[in-house]
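Work through the following exercises with the sequence and the model side by side, and try each task before reading its solution.

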Amino acid sequence: PRRAVFGLTQLPDSVIEPPGNDFMAALDVVHRARRRLLALHRRNQSSNRHYVDTPYQPEWLYSLACHYGAKVLERCQQHNEAVDMYAMLLGMPYAKHRRGFWYVRSAIDMEHHGSRGDDSGLRSAWEMCCRGMNDRHVRTGDRMDLVLRAWKYQTKLAAKHANEFENGPEQWSAVTARWRAARFVTHSAILGKPTNRAVGQKSRFFGYDNEHVSVEELVIQHYAHEVLPTGAAVGGDEWGGGWQGIHCENGLFNMLFGLLMWDVIFAPVPNVFVSRYQSAPLDLNTDSFYEARRHLIEQRLRD
């Protein structure tokens, strides 16, 4: 039943970090979730049914349970089992928005907990990063992380085996090219003087007007200045830009998206509207949204 699936996906902190580090209950949930997900996946493959990847599907929810389960396995020092869990998840079409995280964690586990005494773990980590870089479902932030990690592993391998790297120059050159492109992404570090450091409380800072402000308000003040006060930023950037900004948690972008894509959002796509009381399709905010409406979205952008 759907309620039981939701229970599996919770894995609260009391289970992930139980008193006395007794992880037996958590591991039992992990293994049950994995068996159920494999059974569902086999059923989908045999029936060839159309699957819509939404948070309301049992496959998505069991994938989420296994996602948390891999973290439990890592906490239990079962890193090889965690890598197997990530490999299983990457071999399925569910919860695609987490694929980048699964590649990254697999590479980390392979690097630090692979075979000792040789470079096989490092090579496996490099290969995993390369796979993730070429996965079209991996999102930008995770892809950037994978590029930087692949470059780090590649540099270590090159230092030891300059003429022996097995995968040839093509993939090696691809990693180098992406790393060089990533280096040119600009970063700004804003220096703020905190007014509190209490755990569990929202951070507050002294603003440029000496009033107590949130981190978002501090950033708005930073970019509103034409010329920044001395010591307000790192990296020699003395010009704020004179921007005007508001703190709206993406509200404006969501509103513009809704107005521009209204007909696309409510297009008659199969299996995404199951109740007259829905205010949005079930696959909104998932990777399936674009795939199911690709031609409509591209036509609207051309218009």
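The exercises below concern a predicted model, and they go from the whole chain to its cores, its largest pocket and some single residues.

**Exercise 1. The chain as a whole**

Task: State how many helices and strands the protein chain has, and what share of its residues is buried.

Solution: Begin with the secondary structure, where the protein chain shows 14 helices and five strands. Next, turn to accessibility: of the 303 residues in the chain, 38% are buried. Finally, consider the contacts between residues at least 6 apart in sequence, of which 54% join residues at least 24 apart.

**Exercise 2. The nonpolar cores**

Task: Find which residues touch the most other members of the largest nonpolar core, and which helix gives the most to this core.

Solution: The largest nonpolar core holds 47 residues, and within this set Leu37 and Met85 touch the most other members. At least two residues of this core come from each of the helices H3 (24-47), H4 (58-75), H5 (79-90), H6 (99-113), H7 (120-133), H8 (140-160) and H9 (168-183). H4 gives the most, with eight residues. To look at one of the members in detail, take Met85, which touches Val30, Arg34, Cys66, Ala70 and Leu73 when residues up to four places away in sequence are not counted. Another core, of five residues, lies apart from the largest one, and its members include Met261, Val264, Ile265 and Ile297.

**Exercise 3. The largest pocket**

Task: Describe the volume of the largest pocket and the class make-up of its lining, and name the helix that supplies the largest share of that lining.

Solution: The space in the largest pocket comes to about 410 Å³. Its lining consists of 15 residues, and those nearest the centre are Asn285, Thr286, Asp287, Phe289 and Tyr290. Sorted by class, the lining has seven nonpolar, four polar and four charged residues. Helices H11 (251-260) and H13 (288-292) each supply at least two residues of the lining, and the largest share, three residues, comes from H13.

**Exercise 4. Two lining residues in one loop**

Task: For Thr286 and for Asn285, decide whether the residue is buried or exposed.

Solution: Place the residues before judging them: Thr286 is found in the loop between helix H12 (262-265) and H13, and Asn285 is in the loop between H12 and H13. Thr286 has a relative accessible area of 10%, and because this is under the 20% limit, the residue is buried. Asn285 has a relative accessibility of 70%, and because this is over 50%, the residue counts as exposed. As a further step, note that a polar atom of the Thr286 side chain lies 2.6 Å from the backbone oxygen of Asp283. For Asn285, the C-alpha atom is separated by 9.6 Å from that of Pro55, although the two residues are 230 residues apart along the chain.

**Exercise 5. Backbone angles and the last helix**

Task: Locate Ala95 and Asn250, give the approximate phi of each, and then place Leu301.

Solution: Ala95 is in the loop between H5 and H6, where its phi is near 50 degrees, a positive value in a residue other than glycine. With a relative accessible area of 2%, Ala95 is buried. Asn250 is in the loop between strand E5 (233-234) and H11, and its phi, also positive, is near 70 degrees. Leu301 belongs to helix H14 (residues 294-302) and is exposed, at a relative accessible area of 59%. Its C-alpha atom is 9.0 Å from that of Leu260, a residue 41 residues apart from Leu301 along the chain.

How values were computed. Residues numbered from 1 in each chain as written. Predicted model: local features only at pLDDT ≥ 70, side-chain atom pairs only at ≥ 80, totals over all residues. Heavy atoms only, no water. 1 Å grid on protein atoms, 1.4 Å probe; cavity = no way out; pocket = protein on both sides within 12 Å on 5 of 7 lines; lining within 4 Å. Points joined across faces, edges and corners; volume = space filled by probe spheres on them. Helix = DSSP H or I, 4+ residues; strand = E, 2+ residues; numbered from the N terminus. Nonpolar A, V, L, I, M, F, W, Y, C, P; charged D, E, K, R; others polar. Buried < 20%, exposed > 50% of the residue type's maximum accessible area, 1.4 Å probe, protein only. Polar contact = N/O pair within 3.5 Å; in protein donor to acceptor, adjacent residues only side chain to side chain. Core = buried A, V, L, I, M, F, W, Y, C linked by side-chain atoms within 4.5 Å. Contact = heavy atoms within 4.5 Å.
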